[in-house]
Amino acid sequence: MANTEIIPDTNPTQNPKLGYESVKKKRKRNRGKKEDEKLCSGEMNEKGESGGEEKEFVGTKEVEHDNEVEQGDEVEEDKKIKKKKVKSGSGIMSSVTFESMSLSEPTMKAIKDMGFHYTTEIQARSLPLLIKGIDVLGAARTGSGKTLAFLVPAVELLYQLHFAPRNGTGVIIICPTRELAIQTHAVAKELLKYHSQTHGLVIGGSARKTEAERLAKGVNLLVATPGRLLDHLQNTKGFIYNRLKCLTIDEADRILEANFEEEMKQIIKILPKERQAALFSATQTEKVADLACLSLKDPVYVGVDDERNWVTNEGLEQGYCVVPCAKRFIVLYSFLKRHQSQKVMVFFSSYIHVDCFDIHGQQKQQKRTNTFFDFCKAEKGMLLCTNVAARGLDIPSVDWIIQYDPPDDRKEYVHRVGRTARGEGSKGKALLFLTPEELQFLSHLKAAKVPVKEYEFPEKKLANVQSHLEKLVSKNYYLNKSAKEAYRSYVLAYNSHSSKDIFNVHRLDLQGVAASFCFDNPPKVCINIDSGASKFRNTKRKDGRSRNGFSSSNPHGNRSSGH
Ligand SMILES: Nc1ncnc2c1ncn2[C@@H]1O[C@H](COP(=O)(O)OP(=O)(O)OP(=O)(O)O)[C@@H](O)[C@H]1O
């Protein structure tokens, strides 16, 4: 196979200084990373290639930037968000400067502090429209600067109208997840640094009473998740929202996917009708169009990437590897072991109990928030997460996105990989695990213009720990219990997959799945599998049972000896 983008064609002997160890020491974060180790044991490569080498990167050094805001309630962790300087150039950047946009002095000062000079494409195109008061439906790829595209006009609006706390809320920004809301609020706070306007955050899982008190004092710019916002709109007496001037909905499609449709309808019904609106998302769906109809008036559509060949970022190198069920865990383990010096996010379909950075919907909000900020600050480490972390989060310097469990659809794929290679000139890598039975998913990615290459994992380089782990899991009661629960969650999550023609639970190799949870046989757990996927079964046994043996009389599926 020809030379690839993923393993660069650099002769290791040409520059001995670029050896892995030396590069590791010199490594700068985020903006253009060096090509690093091979995927696994230094040997996992694009199929047919052998060896690889790190290459020098272009970009600027990340600058740590602490926010200092004197107004409003602060989420302590907001301070920890890092900011980066990004050079202008091709890709997501435009040649339009912020300076040329006639922004107010305090806003310009804050933007300068952030280190930004040129606008990104989505900012250059939507800022003037929003500043003129026009409704905007914005679509641009992940990591392309949508947050400032709607926050700068929002701050300008509040400034021009001389909003004061007694005027209540002039701008509401709705985000689908708490982490994204926290992050958006942090950026808003930075932008408002030299303004007198106030800001606030209301999110599920936080102290409702404190939020209500803060709202009663007057929050000019409010960032919220839908459920908690509706709660305050309905129940918080001192919340003044009748002077709302602009409603922004970020990651609109995710808001709808997360079953917030009803909340959104009610929120839009309660809020004043005479106001501007903006709706942003990296991916557009029919439902987004419906929401746009409901909330926007004669919107201008700003689609930055509509003409692009690929939907994902240039700096992102994407691959998949075909791993049989039984080997999945060992391949992941070997990979992570090899990449301990890097920052890796691993996506799972269901939550897992492990002693490391992990975020998922079952956690208390404070733990989720702390983990998120700890991982943001970390130079290296792995974050094990579910889709809670897939959208919008701007975590600096992520080297690898590993999709250990496949995404539900191509949109989810795009959002997950969008957690790396963010901003101009940034690099990152993504690896998707697929079993041989799931390969059809590649055609979905191709249809979505996602360029992926195949990687192979060298069997002989895999860590030889399977039997050791199986012993541990069989002997340690708590480990055994967690592994059983994880196995069960995995099968149930697989069953709830929407692309059942590809991810069909009835085709799962349960023996292999069991091995990936370090059991020598499928454990005895109660799994009620609905029959929704049954019409996609391609193999049915003569006795009427599916290949893996799920049936009402055998809810555990096939097993030879129970654990
Ligand atoms: N004008 C700019 N110049 C340089 N960097 C920028 C600029 N605007 C934003 N950035 C940086 O680009 C990164 C991505 O921005 P942002 O989080 O707004 O992306 P996004 O489009 O909202 O992504 P997603 O769809 O994943 O939510 C951030 O680190 C941000 O600080």
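Trainee: At what distance from a polar backbone atom of Tyr118 is a nitrogen atom of the ligand?

Mentor: A polar contact is a pair of N or O atoms within 3.5 Å. Here a nitrogen atom of the ligand is 2.8 Å from a polar backbone atom of Tyr118. This is a predicted model, in which local features need pLDDT of at least 70 and side-chain atom pairs pLDDT 80 or more, while totals for chains, interfaces and linings use all residues. Residues are numbered from 1 along each chain, and side-chain values use heavy atoms, without hydrogens or water.

Trainee: Which residues have N or O atoms 3.0 Å from an oxygen atom of the ligand?

Mentor: Ser144 does so through a backbone N or O atom, and Arg419 through an N or O atom in its side chain. The protein buries 97% of the 640 Å² that the ligand exposes when taken alone (Shrake-Rupley method, 1.4 Å probe). Strand E5 (118-120) and helix H4 (146-160), both DSSP runs (helices H or I, at least four residues; strands E, at least two), each give two or more residues to the shell around the ligand.

Trainee: How many aromatic pairs are there?

Mentor: Rings of Phe, Tyr and Trp (its six-membered ring) pair if their centres lie within 6.5 Å; planes under 30 degrees apart count as stacked, over 60 as edge-to-face and the rest as tilted. The count is 13. Phe150 and Phe280 form a tilted pair, because their planes stand at 50°, with centres 5.6 Å apart. This pair joins helix H4 to strand E11 (residues 276-281), so it ties together parts that are 130 residues apart in sequence.

Trainee: Is Phe280 buried or exposed?

Mentor: Buried means under 20% relative accessible area, exposed over 50%, partly exposed in between (1.4 Å probe, protein chains only). Phe280, at 0%, is buried.

Methods. A polar contact is a pair of N or O atoms within 3.5 Å; within protein, one must be able to donate a hydrogen and the other to accept it, and residues adjacent in sequence count only if both atoms are side-chain atoms.
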